[in-house]
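Student: I would like a close look at a single part of this structure, the sheet, together with whatever is needed to place it within the chain. Please take it slowly and connect the details as you go.

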Amino acid sequence: MKLIRQRDVIREVVDAFARSFAQHMDNVDIFPDKETPRAKLGRLMALDLETCKAAAVDAIVGNQSWTTVECDECTMENRSMHPRLDVVAEFQRGEKSVRVCGGCMASALKAVR
Ligand SMILES: [Zn+2]
């Protein structure tokens with residue numbers, strides 16, 4: 001198990017963005033600003049991901065989804081139960097991993113007791 005904080009999510013942004021848009025790098029219809037994923041990726045790669053502010057990433061991609069610490073159990077839809085997350089625990093087994101927030105772990109603990 002390891003802890004994932006916002007800096008960890010930001011460190012992953014170049015690889016995750018490249019993976020997500022690999023088949024659509026030159027498509028101008030994906031983002032409202034008509035910038036291609038390739039151009040955005042170039043701007044993301046120019047950032048120092050160890051020190052840049054989340055807002056710098058958000059400004060390039062146009063939203064906060066690439067810098068948000070997310071729990072795989074409580075999705076954005078039912079996030080109202082939980083405050084904005086600072087940290088989640090990541091459990092990994094081989095290629096698979098799951099990220100869970102403290103709130104969901106507390107609920108699970110209560111349920112299995
Ligand atoms: Zn959760």
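Tutor: What follows starts with the chain as a whole, moves to the sheet strand by strand, and then turns to the surrounding elements.

The model is predicted, and its secondary structure comes to five helices and three strands, which follow one another along the sequence in the pattern β-α-α-α-α-β-β-α. The C-alpha atoms of the protein chain fill a box of roughly 50 × 30 × 25 Å along the principal axes, and 12% of the 113 residues count as buried. Among the contacts in the chain with a separation of 6 or more, 52% are accounted for by residues 24 or more positions apart.

The sheet itself is open and is formed by three strands in the order β1-β2-β3, with antiparallel pairing. The strands β1 (2–5) and β3 (96–100) stand at the edges, and because each has a single partner strand, one side of each is left without a neighbour in the sheet. From one strand to the next the twist averages 35°.

Consider the pairing of β1 with β2 to begin with. Strand β2 covers residues 87–93, and four bridges join β1 to this antiparallel partner. In that pairing Arg 5 stands opposite Val 87 in β2. Leu 3, which also lies in strand β1, touches Val 87 and Ala 89 when residues up to four places away in sequence are not counted. Leu 3 nevertheless counts as exposed, because it has 12 C-beta neighbours inside 10 Å and the exposed class takes in residues with 12 or fewer. A further distance helps to place this strand against a remote part of the sequence: Leu 3 and Cys 104 are 101 residues apart in sequence, while their C-alpha atoms are 15 Å apart in space.

On the other side of the sheet order, β2 is joined to β3 by five bridges, and these two strands also run antiparallel. Here Phe 91 stands opposite Val 98 in β3. The two strands form a hairpin with two residues between them, in which Gly 94 takes a positive phi near 60°.

The loop between α4 (54–61) and β2 also reaches this region, and Asp 72 has its place in that loop. Not counting residues up to four places away in sequence, Asp 72 touches Val 98, Arg 99 and Val 100, and Val 98 is the residue of β3 that stands opposite Phe 91. Asp 72 can also be placed relative to Ala 89, from which it is 17 residues apart in sequence and 10 Å apart in space, C-alpha to C-alpha. Ala 89 is in turn one of the residues touched by Leu 3. With 14 other C-beta atoms within 10 Å, Asp 72 is partly exposed.

Turning from the sheet to the helices, we can look at α2 and α3. Helix α2 (residues 13–20) and helix α3 (residues 37–45) pack at an angle of about 170°, and their axes are 10 Å apart. That angle makes α2 roughly antiparallel to α3, because angles over 145 degrees are placed in that class. In this packing, Val 13, Val 14, Phe 17 and Ala 18 in α2 meet Leu 41, Leu 44 and Met 45 in α3. The residues of this contact divide into seven nonpolar, no polar and no charged.

The loop between α2 and α3 holds Lys 34, which has a positive phi of about 65° although it is not a glycine. Lys 34 counts as exposed, because it has 10 C-beta neighbours inside 10 Å.

Finally, the division into domains gives the wider setting for the sheet. The protein chain is divided into domain 1 (2–61) and domain 2 (78–112), and 24 Å separate their centres, taken over C-alpha atoms. The contact between them takes four residues from domain 1 and six residues from domain 2. On the side of domain 1 that touches domain 2, the residues divide into two nonpolar, no polar and two charged.

Conventions
Residues are numbered from 1 along each chain as its sequence is written. This is a predicted model: local features need pLDDT of at least 70, side-chain atom pairs count only at pLDDT 80 or more; totals for chains, interfaces and linings use all residues. Domain bounds come from an automatic or database domain assignment. Two residues are in contact if their C-beta atoms, placed from the backbone, lie within 7 Å. Ala, Val, Leu, Ile, Met, Phe, Trp, Tyr, Cys and Pro count as nonpolar, Asp, Glu, Lys and Arg as charged, and the others, Gly among them, as polar. Two strands pair if DSSP finds at least two bridges between them. Axes are lines fitted to C-alpha atoms, for helices over the stretch in contact, and angles run from 0 to 180 degrees between N-to-C directions. Angles under 35 degrees count as roughly parallel, over 145 as roughly antiparallel, 65 to 115 as roughly perpendicular and the rest as oblique. A residue is buried if 20 or more other C-beta atoms lie within 10 Å of its own, exposed if 12 or fewer, and partly exposed in between; C-beta atoms are placed from the backbone.
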